[in-house]
Amino acid sequence: MGTFKIEGGIQLKGDVQPQGAKNEALQVLCPALLTSEKVRITNIPDIIDVNKLIVLLGNLGVKIQKNGVGDYTFQADEVNIDYLKTEAFKKEGGSLRGSIMIVGPLLARFGCGYIPKPGGDKIGRRRLDTHFEGFINLGAKFRYEREDHFYGVESKTRLKGAHMLLDEASVTGTANIVMAAVLAEGTTTVYNAACEPYLQQLCKMLNSMGAKITGVGSNLLTIEGVEKLGGCEHRILPDMIEIGSWIGLAAMTRSEITIKNVSWENLGVIPTVFRKLGITLEKKGDDIYIPAHTKGYTVKTDIDGSILTIADAPWPGFTPDLLSIVLVTATQANGDVLIHQKMFESRLFFVDKLIDMGAKIMLCDPHIAVVMGHDFKSQLKATVMSSPDIRAGISLLIAALSAKGTSTIQNIEQIDRGYERIDERLRALGANIVRV
């Protein structure tokens, strides 16, 4: 396991270019399985989770050509469906949460899709029911091998369009159902669909391949099935979660940072939430400029004067992936913040490490934490810690960069799963961080 050693308390300065969006990449790589023609995708982030999915596609027989940095062409004209029944696939697919995204395209085009119980962050229960109930509604038969935790859906005939109301606005569930429905016979309507920018990107990509999807950006999608799809070119958006991470890092380290080419129109309420913490964000073209917060940042209370509450919600609400970053940023704010993590019951369990560093946090239950900010009157203390998941890992890294002394973060592969060359990019801003 790799380790970061970080000397904290150093003010950073400079420009940073956000990577391509991890969550979009895990979706838009999979439509290559829907066509025998070439699909070219650019701005693919070079991170562990995405690279694992690219390897998985290659093992399925997809031809992969690297054209340049973050630029790949995929052609699925000789897919090896038998690979899905091998022990190698069970091991490989089980190590990646995003592997679930191949099931919809494979079911639509080849009549079957299988997946071992996917891996990923240990942040609580992450159910797959929405995915498989959607496939069943389209006419597939579900199978589950309990001993191996192996899931499958099969259909001997072409899938048939259906009207469905999702039990939750699952982003990956919606994406998987849409990818299955584009080749189904007839019309499919998906109500309570997720409408995140990355899901919108997937729908736009599918339409450029010849799909007929309307209602993109709303929670009601209508898909007119087509008989076949063609190739396309697609560019991935900048990663909104990484952009939020850079905002929190700039504030906590009192650094002057410009985040370049952020696609403001796709950030939703993210800038608003950080402004509620008192952080100054300036829109300069398509960039975010964050001045050095030498006098700190003061939390804005609710309109009636009550404690500020920041909670996650389906888009256009605040993304749960940024609550960990908001929490650590609040530890040095002037004021108190209540963090309500509704979706995952284990995502706040990293706060004990922040408490060890001197943060004032009260964990009320697995979903709620109250943060009492230091207003920079007391600096966090360096410590040794381990990264439990991607977002907690980057939050602990932000804490270490602001702390007094040299911190050690172990299990940094968790951070590498979601953040591309994070140590190199931090050093370019002046940070003292070493990968061991």
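Here are some worked exercises on a predicted model, to be followed with the structure open beside you.

**Exercise 1. The three-stranded sheet**

Work out in which order the 3 strands of the open sheet lie, and which strands stand at the edges.

Solution.
- Step 1. Begin with the order: the strands are arranged 6-8-7, and their pairing is antiparallel.
- Step 2. Now look for strands with a single partner. Strand 6 (112-116) and strand 7 (141-145) each have just one partner strand, so they are the edges, and one side of each has no neighbour in the sheet.
- Step 3. Check how the strands are turned: neighbours in this sheet make an average angle of 15 degrees, direction ignored.
- Step 4. Zoom in on one pair. Strand 6 and strand 8 (residues 150-154) are paired antiparallel over 5 bridges. Within this pair, Gly113 has Val153 of strand 8 as its bridge partner.

**Exercise 2. Helices against that sheet**

Find which strands helix 4 touches and which strands helix 5 lies across.

Solution.
- Step 1. Helix 4 (residues 103-110) packs on the sheet and touches strand 6 and strand 8. The direction of helix 4 makes about 155 degrees with that of strand 6.
- Step 2. Helix 5 (residues 129-137) lies across strand 6, strand 7 and strand 8. Relative to strand 8, helix 5 runs at about 20 degrees.
- Step 3. Finish at the surface, where Ile136, Phe142 and Tyr144 make up a nonpolar patch with about 250 Å² of accessible area together. Tyr144 belongs to strand 7, and with a relative accessible area of 30% Tyr144 is partly exposed.

**Exercise 3. Following Asp49**

Identify the salt-bridge partners Lys22 and Arg417 of Asp49 in the structure, and explain which parts each pair ties together.

Solution.
- Step 1. For context, the whole structure holds 15 salt bridges.
- Step 2. Take Lys22 and Asp49, whose closest N and O atoms are 3.8 Å apart. Lys22 sits in helix 1 (residues 22-28) and Asp49 in helix 2 (residues 48-59), so this salt bridge ties together parts 27 residues apart in sequence.
- Step 3. Ask whether these two residues are buried or exposed. The cut-off for buried is under 20% relative accessible area. Lys22, at 8%, counts as buried, and Asp49, at 3%, is buried too.
- Step 4. Move on to Asp49 and Arg417, where the closest N and O atoms are 2.9 Å apart. Asp49 is in helix 2, while Arg417 is in the loop between helix 13 (413-416) and helix 14 (422-428), so here the parts tied together are 368 residues apart in sequence. Arg417 is buried as well, with a relative accessible area of 11%.

**Exercise 4. From Asp423 to a network**

Describe the salt bridge between Asp423 and Arg435, then name the network that includes both residues.

Solution.
- Step 1. The two side chains meet at 3.1 Å, N to O. Asp423 is in helix 14 and Arg435 in strand 23 (residues 432-435), so the pair connects parts 12 residues apart in sequence.
- Step 2. Compare the surroundings: Asp423 is buried at 4% relative accessible area, whereas Arg435 is partly exposed at 37%.
- Step 3. Through shared partners, salt bridges join Asp416, Asp423, Arg427 and Arg435 into one network.

**Exercise 5. The four-stranded sheet**

Place strand 23 in its sheet and find the helix that packs on this sheet.

Solution.
- Step 1. The 4 strands form an open sheet in the order 21-22-1-23, with mixed pairing. Strand 21 (384-386) and strand 23 are the edge strands, each pairing on one side only.
- Step 2. From one strand to the next, the twist averages 20 degrees.
- Step 3. Strand 1 (residues 3-7) and strand 23 run antiparallel and are joined by 4 bridges. Arg435 returns here, standing in strand 23 opposite Phe4.
- Step 4. The helix is helix 12 (residues 390-402), which touches strand 1, strand 21, strand 22 (406-410) and strand 23. Its direction makes about 165 degrees with that of strand 22.

**Exercise 6. Around Leu56**

Decide whether Leu56 is buried or exposed, and list its contacts.

Solution.
- Step 1. Leu56 is located in helix 2 and is buried, with a relative accessible area of 1%.
- Step 2. Beyond its neighbours within four places in sequence, Leu56 contacts Tyr83, Phe89, Glu92, Ser99 and Ile102.

How values were computed
Residues numbered from 1 in each chain as written. Predicted model: local features only at pLDDT ≥ 70, side-chain atom pairs only at ≥ 80, totals over all residues. Heavy atoms only, no water. Pairing = 2+ DSSP bridges. Helix = DSSP H or I, 4+ residues; strand = E, 2+ residues; numbered from the N terminus. Axes fitted to C-alpha atoms, helices over the stretch in contact; angles between N-to-C directions. Contact = heavy atoms within 4.5 Å. Salt bridge = Lys/Arg side-chain N within 4 Å of Asp/Glu carboxyl O. Buried < 20%, exposed > 50% of the residue type's maximum accessible area, 1.4 Å probe, protein only. Patch = residues over 30% accessible without salt bridge, like charges linked within 9 Å, V, L, I, M, F, W, Y side chains within 5 Å. Areas by Shrake-Rupley, 256 points an atom, 1.4 Å probe, with all protein chains shown as cover.
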